Amino acid sequence: MDQEQVQNYEIEGMSCAACVNRVERALEKIEGVEEAAVNLSTRRASVRYRGELSPATIVEAIEKIGYEAYPIDDTATLHESKELDSLYRTFWISLFLSLPLMANMILMVTGIESRVLGNFYFQAILATLVQFGIGYRFYRQAYLAVKSGGTNMDVLVVLGTTAAYFYSLYNGLALHEWNHTYFESSATIITLILLGKYWEEKAKWRTTESLRALHSLQPATATVQEGSELKELDIRALRLGDHVLVRPGERIPVDGQVIEGVASVDESLLTGESLPIAKRTGDFVVGGSMNQNGSILVEVQRLGADTMLSRIVKIVEDAQTHKAPIQRLADQVAAVFVPAVLGVALLTLVLHLLYQHPADLALRSMVAVLVIACPCALGLATPTAIMVGTGRGASQGILIKNGEILERTHKVSAVIFDKTGTLTRGQPELTDVLPLQGDSVRDILFMAAIAEKRSEHPMSQAIMQAAAQQGLDTIPDPDHFENIVGYGITAQSHGKNIVLGNEALMEREGIAYKDQQTKSTALQQAGKTVMFLAVNGELIALLAVSDPIKEEAATVVDKLKNNGMQVYMLSGDREQTARAIAAQVGIEHVLAEIPPERKAEEVRRIQQQGETVLMVGDGVNDAPALAVADLGIAIGTGTDVAAETADMVLVSGDLRGIITALSLSKNTLRIIKQNLFWAFFYNIIGIPVAAMGFLSPIIAGAAMAFSSVCVVSNSLRLHRVPI
């Protein structure tokens, strides 16, 4: 089967939700394309496909329906739309040409006549320049839409203003009714729509502030040390293994390991962690973070799209491109919106004439219906809120992978925490060594270190550190090593069989251990994990390891419970150990002695009880449970596998990010619902009022122009909402 691939494109020329639908339909007609998602706010399209598909084919399909398209890669930065400058210039030109028409209308209302401003031919010239010069953009997009078998906002604007313009020409040239012209209506409508579109573009640009802030963290150059020489190189010229010098006040250009020096590093824009972190030789540093003081030499370990900053930006951009399910209703309405409005406008004209209302009232009502209808607000309601929400989350060190997650989050009723590395720091310390056969602590640690030397489990690090503290710097490799997941380790060295693990492993290997259960139970009740060490079938020691609990864990658990959620802790530890740790953070529901392969099964069991489950984990063995849960949150200090599987990632590992994520999701969904309500309510109320003749075309045009601005501005409130 062909591998699934994704291409991203920037698109210019879209004006409303109908445009988005047209582009998506055109892309999904291409052979091999499985899904196309277009974001009106970022002007970007994400195309998922299988097989061979050249960018030229996609660009051609988009250009064929009247838009411009450019392939972009994952590292492409956001830039202001070319449309923004164009809208700014054309608005002021349009306003300059329309002001005399508006002034004449105001003078007429006050009973003052102006020979110059009221001259029919003078008005006609100004209106023509606005209608077909400034308004050419609307005619072009309307023509391309109709040509490709669709309709959009431009069609409504063109039909409404053209009707007013030619009706005015007809009254003046054919009927010589100089006072029954509506040139000011057609020109003012175009001017107001341009103003509204300009403000809308500016507001949409503000929704990308957080994403652009992330992009700006990447320095353009780096100082590379080659021998005794220092060279300033473009960031793209760096290679793995290069040594980069980072001075105080400079941003770290890439991910790498400190090989020399000490520095205080600010990672707040990446992780949300407000306090600087001391970095020394051997510590890992993240590209984009700020070196506040001290010079360090960093060995490059990740480049380009593999750096944490690039991956964070990619996750945020993907979340902003893909649609939330709540957007589907708006998309379905937008697909038939413009044809429906055209039908209502025609019906309005016919009914007014049938009831023998004046022709100018019939025309004004029809024009008002055409220009007040706004599919733009429908298209912007969801994506703008998601853009601001995911962007703000990223600035707090919370990565939300797609909009659908926001809808699932507010339904969460149960939270399951993995213990090691999630509720605890994931940095276990050896606290007790109890000899059982008279061996010295040093000899016991030597045997345990041989068994653990090839292991990557956090417990092994605790034993290796304790052995090093005893002066055991040279530990021989075992002749044979087997890691038995959920049990422990068996190893052989110089004819000795070493078994190190839990009680179940002792049972499995046939090693007598039950006469030591009183000692092991006492350690477990103190919240420690107990390991049994046996050599050649004889139990020689008990080793106890403690993993410190994160300071914020109890507070987070308490807040979740206060929000009405059931909180569980899932652990492979013995029941006594697990319950002792759970009690320290206030968790009553404990799932103990659960091997990694059963974690996902436990999640399903709680789901079957009617709970919507949020799983929080950090390790490879948490990935299946994170995938099965209704919502998965990975601790960013854990493994890449967990982060890839989860729906959200807490970059800093601070559990308070869970509360922030839940609050942010709730507020984002609330803003989306407000936006959709406004978009539907505005059209449901506005169109009938316009059809009944209660709105002048100018007021209708102004209302349409500002409806989209209202939606985008409401989304921007997420920047200020407390979370």
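How many disulfides does a search of the whole structure find? The search returns zero. A disulfide is a covalent bond between the sulfur atoms of two cysteines. Two cysteines of this predicted model illustrate contrasting surroundings: C19 is buried, with a relative accessible area of 0%, whereas C710 is partly exposed at 39%.

The overall picture comes next. The protein chain has 723 residues, and buried residues make up 54% of them. Along the principal axes, the C-alpha atoms occupy a box of roughly 120 × 65 × 50 Å. Secondary structure amounts to 26 helices and 26 strands. The chain is divided into domain 1 (4-76), domain 2 (80-189), domain 3 (221-306), domain 4 (398-424 + 549-662) and domain 5 (429-546). Domain 4 is thus written as two segments, 398-424 and 549-662, with domain 5 listed at 429-546. Between the C-alpha centres of domain 2 and domain 3 there is a separation of 58 Å.

Helix α1 makes a good starting point for a closer look. This helix spans residues 17-28, 12 residues in total. From its first C-alpha to its last, α1 reaches 17 Å, close to the 16 Å expected at 1.5 Å a residue. Because 10 of its 12 residues are buried, α1 is largely enclosed by the rest of the structure. The buried set consists of A17, A18, C19, V20, N21, R22, V23, E24, A26 and L27. C19, with its relative accessible area of 0%, therefore counts as buried, the cut-off being under 20%.

Two other helices offer a view of the surface. Helix α3 (residues 82-109) contains I93, which is partly exposed at a relative accessible area of 45%. I93 and A335 are 242 residues apart along the chain, and their C-alpha atoms are separated by 33 Å. Helix α11 covers residues 327-354 and includes L347. L347 also belongs to a nonpolar surface patch of about 630 Å², made by L346, L347, V350, L351, L354 and Y355.

Backbone geometry deserves a brief stop at two loop residues. Most residues other than glycine have a negative phi, and most peptide bonds are trans. Q356 has a positive phi, near 60°, and is found in the loop between α11 and α12 (359-372). With a relative accessibility of 73%, Q356 counts as exposed. N536 likewise has a positive phi, here near 55°. The loop that holds N536 joins β20 (529-535) and β21 (538-546), and N536 is partly exposed at a relative accessible area of 48%.

Turning to charged side chains, the structure holds 19 salt bridges. One of them pairs E575 with R579, the closest N and O atoms being 2.6 Å apart. Both residues sit in helix α21 (residues 575-585), and because they are four residues apart, about one helical turn separates them. E575 is partly exposed at 31% relative accessibility, as is R579 at 41%.

A salt bridge between D432 and K528 has its closest N and O atoms 2.8 Å apart. This pair links distant parts of the chain, with D432 in strand β16 (residues 429-435) and K528 in the loop between α19 (517-525) and β20, 96 residues apart. K528 has a relative accessible area of 19%; it is classed as buried because the limit is under 20%.

The side chains of R236 and D234 also meet in a salt bridge, at 3.1 Å from N to O. The two partners fall into separate accessibility classes: R236 is exposed at 70%, while D234 is partly exposed at 32%. Beyond such individual pairs, E34, E35, R48 and R50 are linked in a network of salt bridges.

How values were computed:
Residues numbered from 1 in each chain as written. Predicted model: local features only at pLDDT ≥ 70, side-chain atom pairs only at ≥ 80, totals over all residues. Heavy atoms only, no water. Patch = residues over 30% accessible without salt bridge, like charges linked within 9 Å, V, L, I, M, F, W, Y side chains within 5 Å. Areas by Shrake-Rupley, 256 points an atom, 1.4 Å probe, with all protein chains shown as cover. Salt bridge = Lys/Arg side-chain N within 4 Å of Asp/Glu carboxyl O. Expected span 1.5 Å × (residues − 1). Buried < 20%, exposed > 50% of the residue type's maximum accessible area, 1.4 Å probe, protein only. Domains from an automatic or database assignment. Disulfide = S-S within 2.5 Å.
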